[in-house]
Structures are given as structure tokens and as C-alpha cells.
Amino acid sequence: MSFQPITSGQTLSGSLSSEGSLGYQIQVAANHKLVIRLDGPDDADFDLYVKYNSPVTRWDYDFKRISRYADEELTIGPTQSGSYFILVYAYRGEGQFSLSADIVSEELVLVPGQQIAGAIENTKGACYFRIPMDAGQRLMIDLNGPLAADFDLYLRFGQRPTNVNYDQRSCSGSSIEKIEVAATQQGDYFGMVYSYHGMGPFTLAAGSGRQPSLLIITSKDNLEHKYGSATFLRINEKITAYAQSVVATGKEVLTVFVDESDSLAPYDLDPVDPQDASAIKDLLDQLDRKLNADHFLIVGGHEIIPFHVIPNPCGDDGDTVVYSDNPYASRDLDILISERALTRLPDDAATDGTFFIGLLDQVAQRVQGPSVQAFGLSAKVWEGASNCVYQEIVSGDSVKLSPPVTNREINSDWINEKAYYYFNLHGSEETANWYGQEGVSYPVAFGPNNLNNGSVEDAVVCCEACYGANIIGKSCDSALSLSFLDQKVACFVGSTKIAYGPSEPPCTDADLIVIKFIARVKEGLPFGEAFLKAKEDFARESISMHGYLDKTEEKTLLEFVIFADPLAKMEVHS
Amino acid sequence: MTLSIDQLKQIAKDYIQKDSPELAAVEPTHQEETRIVDQASQAKLGLRQPKTIPAKVNVFTFKKNVIAEDGAKIPIVTRVTVDADGNVLKATGN
């Protein structure tokens, strides 16, 4: 394929038949912004692919824009010095199009938590950038340039610095420079990377300098309203003790009450209505932008920090909505694929706080180390699919089946001191029990009583039963998920609503998400990160299987939640 | 070959008769799904594959409530996905 030259400000016309393509290339200097615009036929779908310094194809590219329309816009910046190769492809339909490219010489924008790459191409050359900041933040800027050069860093509030007019500078004699602002002003900081001598690429990173490993959010108003002041104080002590246990491991922790001014004042944020899940998500987004935490923990159940209530993608299965933590775990409006390692430690419906305080006590102790054994129980009708999942947990072993097994036959030896518990049974909104199935017989397979004399501490529990993680208005007697947590399991993964799975392999839906989670836990990832990556793995594999995420897969992504300390992980003694 | 909705429904019912006979007497509801990957999700997943050709599939949902041994009401749902040619692409239930 040949690539026709295009220059900044130029608009070229072309014509494509269906699945045809045309190539272009543009020369760009370093540290600019390149904007490429494609305007195609209204009834067609044209796409843009771009690659730096070598010919681009649909399979080998650095940037792409492939909406379902023929109008596309792609912005690249900061640019590197060289050629950008552009491919226009007619994915569907045909017709005339126009292509334009603009090289914009505006400064680079850097935000805390971000790293950008640039280059200086001659001695005494400079590259400018801007950092928008809120008041009272700590700002750290790190420059990392070529070993053979000497790049300097300048910073000035409100306007561009020069070599003589600046607020701060870092000139070490190398190309590794650092500037720190202890408390920022509200507004734009302007920076300059200046080549005292030499040339080459550099990276520039901005940070708040304060990056808590864990951000805990909860509601003071809701805790006080539900438990009363005295019990709230005890709960708060337990949250503090948990945070201290995390700090003792070398990590930073920040606890925020979403409805308390004092808690949010250091971040120049206002309290929000603790009943409003959307407002809490917005607050969490703002906190994340300022703090860039690695892990997130919601302390409390639906009454304390509400689940998001999402319309059910499978609208005709009887559930009108899905209770989900995915919006809290997502950095944007696309809630199917999350970016945050987020878990929840729920409370129960009781108002004495016994369960909740016990749970917080348990996670603060941070103990791990059960045996490697597992217990699996499945409805007989799902034997094939369940054993496929169970092989991921314990190779060579099989699940027990209900029927014949019922809750009356569960032997304590089967369930005591195991590392993993796997349940693929029916569930009900009405009771705590989980049920087997053979034909039209639905015996009680497992209930809270089966845990009465059990020893399930520090285990991982994965449950595919419908409503397995439904905790709204429930107590330990009426929700097995809470019963397991009361018995000090380390982690419970389950569904808030009707969950799906096949009767035979290949595994999809709930079966697949459990497989992916177990695999990530076995890699040694903390539970929060394992759950995050499991959902990504699930989405990728589902798309690879049939080309898209269907409605039950979307529902699976939304309805599966995790109750755990996000930093804890399975450390199995062999 | 493109089959009518009634013909596709019969294929789904035949499948249920064998796979989940307890739902054989249930009249399914019908939904169309478009096979498309949301662009935002695709970008987050880092997928570089060509776009899926938008094509519709038919989903038939068989649902009823049953009574368990202890008297609890349990929802029983199976969704059967069938393409326009009558191929059963997926069956999933609870």
C-alpha cells in the first residue's frame, strides 16, 4: 500500500468501496498535538488506524478510532518526531470521504497520577506543559531524560516560566530532576523542560505524593442512625484498628466518611447524601483523581453505602433490577468493565452491631493459612458444568451432588478446614437455604445450620446460587453469605440476583467468572485485585467465544459482588 | 436460510424439551440481541480484534417458579440463544 502525504491544515478527498482502504502519512515534530478528522458517508462505517514511523494496517497500529459511524476523530499527543501513517478503512458501506490533519502547538496537559512522554530535539530547546491543580494539594513533578544530556525543570504558577522568571527550578547537572510544591494554589501551574545541553526523549510524571494503598469509604450518618452513637464509636474503633493493621504492613490507608465535612475538607470536597449511590460514586471518582489509591473498601451493607440499582439487562427473567458495586469500581460511565480493585465488608440487618464488629475484628487480625482442600456442592442437574469449575479448584476431585446429598447429610468432616468452598445450587429470595435439583425435586442442600459446628476460617467461598450474595435486609440467619462471614471466611463471592450458568461445559456466565476468580486467587493476588482481573478475564473470554457480551454475561458482570478485605489474599499451606 | 420467529421459538422449545424438561410446558418470551461489543468496554479490555459484524440473535427465555422442599419459591429460568438460521448458540440457566 502507498501512503499519500498530507500536511497540517490540509484536507484531502478520497473514495472507498466496501472493505477498501487508503493510506496517508504526515510529518510531525515532537511535543505537539496531532488531530486527524475523517468525514465519511452518513450510511457507512469508516475507521481510522494510525501507526508511528512505520506503515499501518488494521492489525498493526498504535492508535485507532472505530466507532460505528463514518465520521471519526483521533487526537495524538504529545507527538514524537517523525511520520505518522494513517489508514482509512471502509468497514461497512462505500463512498466519498474527506480526511484532514492539524498539528496544534499547544502545551501538554499533565494531571497528577499521569506520566507523559516527550522529546527535545536540540540543545537549548524546550517543551512546555500545564498542570491544573486544586488548592491545598501536594504536587510532585519528576523529569527523567537522557543520560547523555542535561535537561532542567522549571515551574511557575499562572504563567509560563522562562530561564529567569520562575517559581521553582531543578537543575542538577543531569536529566533527572524533581520539583515539589507542598501546598498548591487553585489554578494552572506551567512547566518547562529545558535542554541545557543535549537532546532526546524524556518522561514527565506528576503525582500528589500521597498515594494511599487503600481508600476506605463508609457513612457516619448511616452508621450512627442504624447503630446509635455508642455502637458507632465501637465500629469506628474497629475500622481504625483495621486501618492500623494495614499500615503495619507498610501500606498507607485513608478512611473517608462520605457525609462528614471534616473527613473531606483536606481534599476540598463536600459531603454527599449517603443514601445517594450516584453522588457517592462521583465523590469516589474525585477522591480517586486526587489520591490515586490502589485498593478500595466499602465498609457497610446496602443501608450504609447503598448498592447501585441497575436495570436488569435480561429484562424478562423476573429481576427488574440488579444490585451492583460495579459503578463504584468503574472510573467512568462504562460500568461493565471496572478499573478499581474494590470490595465490600457488609453489615447485616441487626442493629446491635455484633456481626459487623466481629467481621471488622476478623479482617483486622489478617490471618491466613487454611489447608489446601476444598468442598464443592452442586445441584445434580449441573454435575457436568460444576465439575468443570471444580477442576480449577482441586484437580482430580469431584463435587458432591444434591440430591442425593441434602443439608441433613452434610458431614462436618466434608466442610471443616478447607481452603475453598464452591456451591452451584439454586437460591431463593425468601430463605437462606440453597437447593439441589433432580427433575422436579428441589431438596434443601445447604443451610445456615450446616455451619453451626463448622470451621471455615480464612477460606474463599464462591457461590453461583441465585441471590447467593443478596444481603439487603438480611441477617446471619437469613443469608448464607453473612453466615459464612460470621464464621470468619476470608472472602465471599456471589450474585445479588438471579445468576446463570450452563448445565454442561463449556463454562459460561457464573461458572466462568468463578473459574477466573479462583485462577487469580491462586496466582497470589489480593482478593480485590483478583476479583477485578477475573471480571476482565471473564469479559475477554466471553467475547472471544461468541464475539460479544450477551445480556446474561452483562448481568453476570454487574451482579457478582465480593465481600472481603481487598488486601487479603489466600496463602495456602501445602 | 432465515427462519420465522415462530420457527425459531419451536427450535428453542425442542432444545428445552431435552435439556430442561421441567420447563417444557412454559411459553417463552422473546428478545432480539445485537451482537456488538460496546466501544468503551472494548477499549478498556484492550481488544484489537476487528469489530464483530452487527448481527441479531434471538433469545427465548423460559421462566417459572417452583416450590422447594422447604416451601420456598425458587425462580427457574433458562435462556436459549438461537441465530437466524436456527442454530442454538447458547443455553444458560439458573
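Reader: Let's start small. In β12(A), which residue is the bridge partner of V109(A)?

Author: That's R130(A), sitting in β12(A). Keep in mind that this is a predicted model.

Reader: What makes β10(A) and β12(A) count as paired strands?

Author: The cut-off is at least two bridges between the strands. β10(A) and strand β12 (residues 126–133) of chain A have two bridges, in the parallel sense, so by that cut-off they pair.

Reader: Which sheet do they belong to, and why are some of its strands called edge strands?

Author: The sheet is an open one of five strands in chain A, ordered β10-β12-β17-β14-β15, with mixed pairing. Its edge strands are β10 (108–109) and β15 (168–170) of chain A, as each pairs on one side only.

Reader: Where else in chain A is there an open sheet, and what is its strand order?

Author: Three strands of chain A, in the order β28-β29-β30, make an open sheet with antiparallel pairing. β28 (426–427) and β30 (444–446) of chain A each have a single partner strand, so one side of each has no neighbour in the sheet.

Reader: How do you know that β28(A) and β29(A) pair?

Author: Same kind of check: the cut-off is at least two bridges. Two bridges join β28(A) to strand β29 (residues 434–435) of chain A, and the strands run antiparallel, so they meet the cut-off. Within this pairing, H426(A) stands opposite Y435(A) of β29(A).

Reader: On to helices. Why are α1(A) and α5(A) called roughly parallel?

Author: Angles under 35 degrees count as roughly parallel. The axes of helix α1 (residues 220–247) and helix α5 (residues 354–365) of chain A cross at roughly 15° and come within 8 Å. The two helices are therefore roughly parallel to each other. As for handedness, α1(A) passes α5(A) in a left-handed crossing.

Reader: Which residues make that contact, and how do they divide by class?

Author: From α1(A) come R234(A), I235(A), K238(A), I239(A), A241(A), Y242(A) and S245(A), while α5(A) brings F356(A), I357(A), L360(A), D361(A), V363(A) and A364(A). By class, the contact of α1(A) with α5(A) has nine nonpolar, one polar and three charged residues.

Reader: What makes α9(A) and α11(A) oblique instead?

Author: Oblique is what remains once angles under 35, over 145 and from 65 to 115 degrees are taken out. Helix α9 (residues 509–522) and helix α11 (residues 551–559) of chain A pack at about 45°, with axes 9 Å apart. They are therefore oblique to each other. Their contact uses D509(A), A510(A) and I513(A) of α9(A), along with T552(A), E553(A) and T556(A) of α11(A). Those residues divide into two nonpolar, two polar and two charged.

Reader: And α9(A) with α10(A), at about 135°: why is that pair called oblique?

Author: Roughly antiparallel needs an angle over 145 degrees, and roughly perpendicular covers 65 to 115. α9(A) and helix α10 (residues 527–546) of chain A pack at about 135°, with their axes 8 Å apart, so neither label fits and the pair is oblique. The crossing of α9(A) past α10(A) is right-handed. Among the contact residues are L512(A) and F517(A) of α9(A), and F531(A) and F538(A) of α10(A).

Reader: What makes the peptide bond from S402(A) to P403(A) stand out?

Author: That bond is cis, with omega near -15°. Most peptide bonds are trans. Another cis bond joins P403(A) and P404(A), with omega about 15°. P403(A) is in the loop between β26 (400–402) and α7 (412–415) of chain A, and P404(A) lies in the loop between β26 and α7 of chain A.

Reader: What is unusual about the phi of N53(A)?

Author: N53(A) has a positive phi of about 60°, though it is not a glycine. Most residues other than glycine have a negative phi. N53(A) is placed in the loop between β5 (45–52) and β6 (63–65) of chain A.

Reader: Last one: how many residues does each chain give to the contact between chains A and B, and which element of chain B gives the most?

Author: Chain B gives 38 residues and chain A gives 42. On the side of chain B that touches chain A, β3(B) gives the most, with six residues. That side divides into 15 nonpolar, ten polar and 13 charged residues.

Methods. Residues numbered from 1 in each chain as written. Chains lettered and ligands numbered in written order. Predicted model: local features only at pLDDT ≥ 70, side-chain atom pairs only at ≥ 80, totals over all residues. Axes fitted to C-alpha atoms, helices over the stretch in contact; angles between N-to-C directions. Helix = DSSP H or I, 4+ residues; strand = E, 2+ residues; numbered from the N terminus. Contact = placed C-beta atoms within 7 Å. Nonpolar A, V, L, I, M, F, W, Y, C, P; charged D, E, K, R; others polar. Left-handed = near helix turned anticlockwise from the far one by under 90°.
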